[in-house]
Amino acid sequence: MTRSISILGATGSVGEQTLDLIGRERDKWRIEALTANCSAEKLARMALDFGAKIAVVGDEACLPELREALSGSGIEAAGGSAALIEAASRPVDVTVAAIVGCAGLGPVMAAIEQGGTIALANKEALVSAGDVMMAAVAKHGATLLPVDSEHNAIFQCLAGSKLSDVARITLTASGGPFRTWTQDQLDAATPEQAVAHPNWDMGAKISVDSATMMNKGLEYIEAHYLFPVGLDRLGIVVHPQSVIHSMVEFRDRSTLAQLGPSDMRVPIASCLAWPQRMDTPMAPLDLPSIGELSFFAPDETRFPATRLARQAIEAGGAAPASLNAANEVAVAAFLAGQIGFTRIAAMVEETMSNYTAHTPRSLEDVLATDQAARIAAHQLLELT
Ligand code: NAD
Ligand code: MG
């Protein structure tokens, strides 16, 4: 039996790795929609290779190139944010949500409304929408499976256990490329150094987030919504080898951990096949060659992002969406050479502390909060 699938953000790191897995068992899948922001040529090639029904670019300016590349193929081409939402709302068995940033929120919510399975990589969407997204999942009977390796690990360790039996959930963090750097070194860190992650090969934005530890901050908030055990039962440990992807301790003091290679195809495969299993091309875990696993407490002086995330969870309301929006603006400014590395967390903190708003109750509320925080963050940029 074939299953239908749409991949939002198909041309990115998670999108490509999803297509790599699907390409290995092509007869089992029928591709509905593939989307990208622009990258029209790459998207068209993927749509042709996999026989997608529709290819969509978020940026309408890239539509003519997409149309040209797909002409005569019978594959629909579309562009713009309304087209993205229309593609995401087509009923499919599985939607892989792999757009980066809050830009993916509208499409994810459209997919949730179809009530299928959503394999969620787009953590910024959940961080911004929080309860609004979780309520939509419940209302429409959708199944939300976390692709993020830590949350996928927690999901696997929980295996249906009651959250009331959980004593503690521990997210592991690699610590990123600057784990051992001094404050002075961090002040001078460049975009090239920040995107060179020691363990994972990822898109530029999440690579910078890993370097600032804001990735772990966003994941902290993501875990808070996915596994609501309360902040006192949610922790972070730095584990530089990235072999244990997270763990769950139960009230009898039994701790379950999920281990695997640091390759996103493992958690993606777990979502694609769930509740079954599928093959992946990775080599088996070779513990003797890994040798040792080590663990450290996070240093929130050099890396304040996880502290800010905790504050955002405690403040609730619009704080997580504001944190995310400010971070997106700051990371883009850092990558463009406009601000220094340590200014990223500072900008997030200033935006969060200067900005208050009511609790978002709908998608429109969340998008308005996101916009307001972006404007505030851009104003901070103008002052630098
Ligand atoms: P990426 O930058 O490699 O790819 C992003 C994709 O989104 C591309 O297809 C791009 O065209 C599309 N996109 C970007 N901006 C868009 C916009 N405004 N409108 C529509 N489409 C847009 O990113 P990635 O590393 O694949 O990460 C995707 C998501 O998955 C992020 O939320 C990230 O945090 C999460 N994630 C990634 C990894 C990883 O290993 N890469 C691991 C865990 C979680
Ligand atoms: Mg992760």
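This report describes the bound ligands, one enclosed helix, the nonpolar cores and one buried threonine of the structure shown above. The model is a predicted one, and the values below were computed from its atoms.

**Ligand 1**

Ligand 1 is surrounded by 22 residues, and the closest of these are Thr11, Ser13, Val14, Asn37 and Glu124. Two helices, H1 (13–23) and H6 (123–129), each contribute at least two residues to the shell around this ligand. Backbone atoms of glycine 12, serine 13 and valine 14 also lie at short listed distances from oxygen atoms of ligand 1, as the table sets out.

| Residue | Protein atom | Ligand 1 atom | Distance |
|---|---|---|---|
| Glycine 12 | backbone N or O | oxygen | 3.1 Å |
| Serine 13 | backbone N or O | oxygen | 2.9 Å |
| Valine 14 | backbone N or O | oxygen | 2.9 Å |

Taken on its own, ligand 1 has 830 Å² of accessible area, and the protein covers 86% of that area.

**The magnesium ion and helix H8**

The magnesium ion, which is ligand 2, is coordinated by Asp148 (OD), Glu150 (OE) and Glu219 (OE) at 2.1 to 2.2 Å. Along the chain, the donors of this ion follow the spacing D-x1-E-x68-E. Aspartate 148 and glutamate 150 are both buried, and glutamate 150 is also one of the buried residues of helix H8.

How many of the 10 residues of helix H8 are buried? Eight of them are, so this helix, which spans residues 149–158, is largely enclosed by the rest of the structure. The buried residues of H8 are Ser149, Glu150, His151, Asn152, Ala153, Ile154, Cys157 and Leu158. What encloses them includes both strands and helices: the buried residues of H8 pack against strands E7 (143–146), E8 (166–173), E10 (244–250) and E11 (255–259), and against helices H12 (214–226) and H13 (265–273).

Asparagine 152, which lies in helix H8, gives a closer view of this packing. Asparagine 152 is buried, with a relative accessible area of 2%. When residues up to four places away in sequence are not counted, asparagine 152 touches Pro146, Val147, Pro267, Ser270 and Cys271. Just after helix H8, alanine 159 takes a positive phi of about 40 degrees.

**The nonpolar cores**

In soluble globular proteins, nonpolar side chains tend to be buried together. In this model, the largest nonpolar core has 73 residues, and those with the most contacts inside this core are Ile112, Met133, Phe178, Leu323 and Phe341. Helix H16 (residues 319–335) supplies the largest share of this core, with eight residues. A second core, separate from that one, has 41 residues, including Ala47, Ala52, Ile75 and Ala98.

Methionine 133 shows how one such residue is surrounded: leaving aside its neighbours within four places in sequence, methionine 133 is in contact with Leu105, Val108, Met109, Ile112, Ala125 and Leu126.

**Threonine 369**

Is threonine 369, which has its place in helix H18 (residues 363–383), buried or exposed? Threonine 369 is buried, because its relative accessible area is 3%, and the cut-off for buried is under 20%. A polar atom of the threonine 369 side chain lies 2.8 Å from the backbone oxygen of aspartate 365. Beyond its neighbours within four places in sequence, threonine 369 is in contact with Ala318, Ala321, Ser322, Tyr355 and Pro360.

Terms used. Residues are numbered from 1 along each chain as its sequence is written. Chains are lettered from A and ligands numbered from 1 in the order in which they are written. This is a predicted model: local features need pLDDT of at least 70, side-chain atom pairs count only at pLDDT 80 or more; totals for chains, interfaces and linings use all residues. Side-chain values use heavy atoms; hydrogens and water are left out. A nonpolar core is a set of buried Ala, Val, Leu, Ile, Met, Phe, Trp, Tyr and Cys residues joined through side-chain atoms within 4.5 Å. Buried means under 20% relative accessible area, exposed over 50%, partly exposed in between (1.4 Å probe, protein chains only). Helices (H or I, at least four residues) and strands (E, at least two) are DSSP runs, numbered from the N terminus. Contact means heavy atoms within 4.5 Å. Donors are N, O and S atoms within 2.8 Å of the metal (3.2 Å for Na, K and Ca); water is not among the atoms, so sites may look incomplete. A residue is near a molecule or strand if one of its heavy atoms lies within 4 Å of it. A polar contact is a pair of N or O atoms within 3.5 Å; within protein, one must be able to donate a hydrogen and the other to accept it, and residues adjacent in sequence count only if both atoms are side-chain atoms. Accessible areas come from the Shrake-Rupley method with a 1.4 Å probe; for residues, only the protein chains shown count as cover.
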